[in-house]
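Hi everyone, thanks for making time this morning. I'd like to walk you through one model, so let me put it up on the screen.

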Amino acid sequence: MVKESASAPPHLETLAALTAPVPAGVASTVSEMLRQINLPQYTQTFEDEGMEMSVLISLARGDGKAALDDALKEAGVTSVGHRLKIFAALQ
(Lines give C-alpha, C1' and ligand atoms only; values in the text may rest on other atoms or scores of the structure.)
Protein backbone atom coordinates (compact mmCIF):
# COMPACT_ATOMS: atom_id res chain seq x y z
CA MET A 1 0.00 0.00 0.00
CA VAL A 2 1.29 3.47 -0.92
CA LYS A 3 1.44 6.03 1.82
CA GLU A 4 -0.10 9.39 0.97
CA SER A 5 2.02 12.42 1.64
CA ALA A 6 0.60 15.10 3.93
CA SER A 7 2.25 17.89 1.96
CA ALA A 8 0.94 19.42 -1.25
CA PRO A 9 2.39 18.36 -4.60
CA PRO A 10 5.44 20.44 -5.61
CA HIS A 11 3.63 22.28 -8.40
CA LEU A 12 0.96 23.46 -5.95
CA GLU A 13 3.59 24.63 -3.47
CA THR A 14 5.26 26.62 -6.27
CA LEU A 15 1.94 28.15 -7.30
CA ALA A 16 1.21 29.10 -3.68
CA ALA A 17 4.63 30.76 -3.36
CA LEU A 18 4.10 32.77 -6.55
CA THR A 19 0.70 34.04 -5.45
CA ALA A 20 1.51 34.62 -1.79
CA PRO A 21 1.29 38.15 -0.43
CA VAL A 22 4.47 40.19 -0.22
CA PRO A 23 6.00 39.87 3.28
CA ALA A 24 5.98 42.83 5.68
CA GLY A 25 9.01 45.07 5.38
CA VAL A 26 9.38 44.44 1.65
CA ALA A 27 8.21 46.95 -0.96
CA SER A 28 4.75 45.98 -2.17
CA THR A 29 5.40 46.73 -5.83
CA VAL A 30 8.32 46.35 -8.17
CA SER A 31 8.30 50.07 -8.98
CA GLU A 32 8.42 50.94 -5.26
CA MET A 33 11.34 48.56 -4.69
CA LEU A 34 13.24 49.95 -7.68
CA ARG A 35 12.73 53.52 -6.41
CA GLN A 36 13.92 52.52 -2.92
CA ILE A 37 17.18 51.09 -4.28
CA ASN A 38 17.71 53.93 -6.76
CA LEU A 39 17.17 51.85 -9.89
CA PRO A 40 13.94 53.36 -11.29
CA GLN A 41 15.25 53.07 -14.85
CA TYR A 42 14.16 49.40 -14.85
CA THR A 43 10.54 50.06 -13.86
CA GLN A 44 9.12 50.03 -17.38
CA THR A 45 11.14 46.95 -18.34
CA PHE A 46 9.90 45.02 -15.31
CA GLU A 47 6.31 46.06 -16.03
CA ASP A 48 6.66 45.10 -19.71
CA GLU A 49 8.02 41.69 -18.70
CA GLY A 50 5.27 41.15 -16.08
CA MET A 51 7.79 40.77 -13.28
CA GLU A 52 5.75 40.97 -10.07
CA MET A 53 7.08 41.18 -6.52
CA SER A 54 5.74 37.78 -5.48
CA VAL A 55 7.49 36.10 -8.42
CA LEU A 56 10.78 37.92 -7.80
CA ILE A 57 10.68 37.10 -4.09
CA SER A 58 9.92 33.47 -4.85
CA LEU A 59 12.88 33.29 -7.23
CA ALA A 60 15.24 35.02 -4.81
CA ARG A 61 14.23 33.00 -1.77
CA GLY A 62 13.19 29.68 -3.25
CA ASP A 63 15.07 29.06 -6.46
CA GLY A 64 18.08 31.08 -5.41
CA LYS A 65 20.27 33.84 -6.67
CA ALA A 66 21.18 32.05 -9.91
CA ALA A 67 17.54 31.75 -11.03
CA LEU A 68 16.85 35.40 -10.22
CA ASP A 69 20.11 36.45 -11.88
CA ASP A 70 19.12 34.61 -15.08
CA ALA A 71 15.67 36.23 -15.08
CA LEU A 72 17.16 39.69 -14.54
CA LYS A 73 19.68 39.18 -17.36
CA GLU A 74 16.89 38.07 -19.67
CA ALA A 75 14.93 41.21 -18.75
CA GLY A 76 17.93 43.36 -19.68
CA VAL A 77 19.55 44.14 -16.34
CA THR A 78 23.12 43.84 -17.59
CA SER A 79 24.92 45.43 -14.65
CA VAL A 80 26.13 42.90 -12.07
CA GLY A 81 25.92 45.56 -9.38
CA HIS A 82 22.32 46.35 -10.24
CA ARG A 83 21.38 42.66 -10.16
CA LEU A 84 23.05 42.31 -6.76
CA LYS A 85 21.13 45.34 -5.42
CA ILE A 86 17.84 43.84 -6.62
CA PHE A 87 18.69 40.46 -5.10
CA ALA A 88 19.58 42.08 -1.76
CA ALA A 89 16.33 44.09 -1.76
CA LEU A 90 14.33 40.88 -2.16
CA GLN A 91 15.94 39.11 0.82
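Before anything else, one cut-off: I call a residue buried when its relative accessible area is under 20%, and exposed when that area is over 50%. Keep in mind as well that this is a predicted model.

Let's try the cut-off out on T43, which sits in helix α3. Is T43 buried or exposed? Its relative accessibility is 16%, so T43 counts as buried. If we set aside residues up to four places away in sequence, T43 touches S31 and L34.

Now let me step back to the whole chain. You'll see six helices and zero strands, so to speak an easy pattern to read out: α-α-α-α-α-α. There are 91 residues in the protein chain, and buried ones make up 32% of them. For those of you who like surface terms, the accessible surface comes to about 5900 Å², and carbon and sulfur atoms hold 56% of that. And how are the contacts spread along the sequence? Taking contacts between residues at least 6 apart, 59% join residues at least 24 apart.

Next, helix α4. Which residues are buried there? They are M53, S54, L56, I57, S58, L59 and A60. I'd like to pick out L56, which lies in this helix. With a relative accessibility of 1%, L56 counts as buried, given that buried means under 20%. What does L56 contact beyond its neighbours within four places in sequence? The partners are V30, F46, M51, L68 and L90. There is also a backbone distance to note: L56 and A71 are 15 residues apart along the chain, and their C-alpha atoms are separated by 8.9 Å. Just after α4 comes G64, with a positive phi of about 100°.

That brings us to helix α5, residues 65–75. Its buried residues are L68, D69, L72 and A75. Looking down the axis of α5, these buried residues fall within an arc of 125°, so they line one face of the helix. On the other side of α5, A66 and E74 are exposed. What covers the buried residues of α5? The cover includes α3 (43–49), α4 (53–63) and α6 (80–89). L68 has come up already, as one of the contacts of L56. And just after α5 there is another glycine to look at, G76, which takes a positive phi of about 105°.

Last topic: the cavity. How many cavities of 30 Å³ or more does the structure hold? The count is one, and the largest cavity encloses about 30 Å³ of space. Its lining is made up of K65, L68, D69, L72, R83, L84 and F87. Which helix gives the largest share of that lining? That would be α5, with four residues, while α5 and α6 each supply at least two. By character, the lining divides into four nonpolar residues, three charged and no polar ones. Notice the overlap with what we just went through: L68, D69 and L72 are among the buried residues of α5, and L68, D69 and L72 also help line the cavity.

That's my tour, folks. I'm happy to rotate the model and go back to any of these spots.

Technical notes: Residues are numbered from 1 along each chain as its sequence is written. This is a predicted model: local features need pLDDT of at least 70, side-chain atom pairs count only at pLDDT 80 or more; totals for chains, interfaces and linings use all residues. Side-chain values use heavy atoms; hydrogens and water are left out. Buried means under 20% relative accessible area, exposed over 50%, partly exposed in between (1.4 Å probe, protein chains only). The arc is that of the directions from the helix axis to the C-beta atoms. Contact means heavy atoms within 4.5 Å. On a 1 Å grid over the protein atoms alone, a cavity is a set of points where a 1.4 Å probe fits but cannot get out, and a pocket is an open set with protein on both sides within 12 Å along at least five of seven lines; lining residues have an atom within 4 Å of a point. Grid points are joined across faces, edges and corners, and a volume is the space filled by probe spheres set on the points. Ala, Val, Leu, Ile, Met, Phe, Trp, Tyr, Cys and Pro count as nonpolar, Asp, Glu, Lys and Arg as charged, and the others, Gly among them, as polar. Accessible areas come from the Shrake-Rupley method with a 1.4 Å probe; for residues, only the protein chains shown count as cover.
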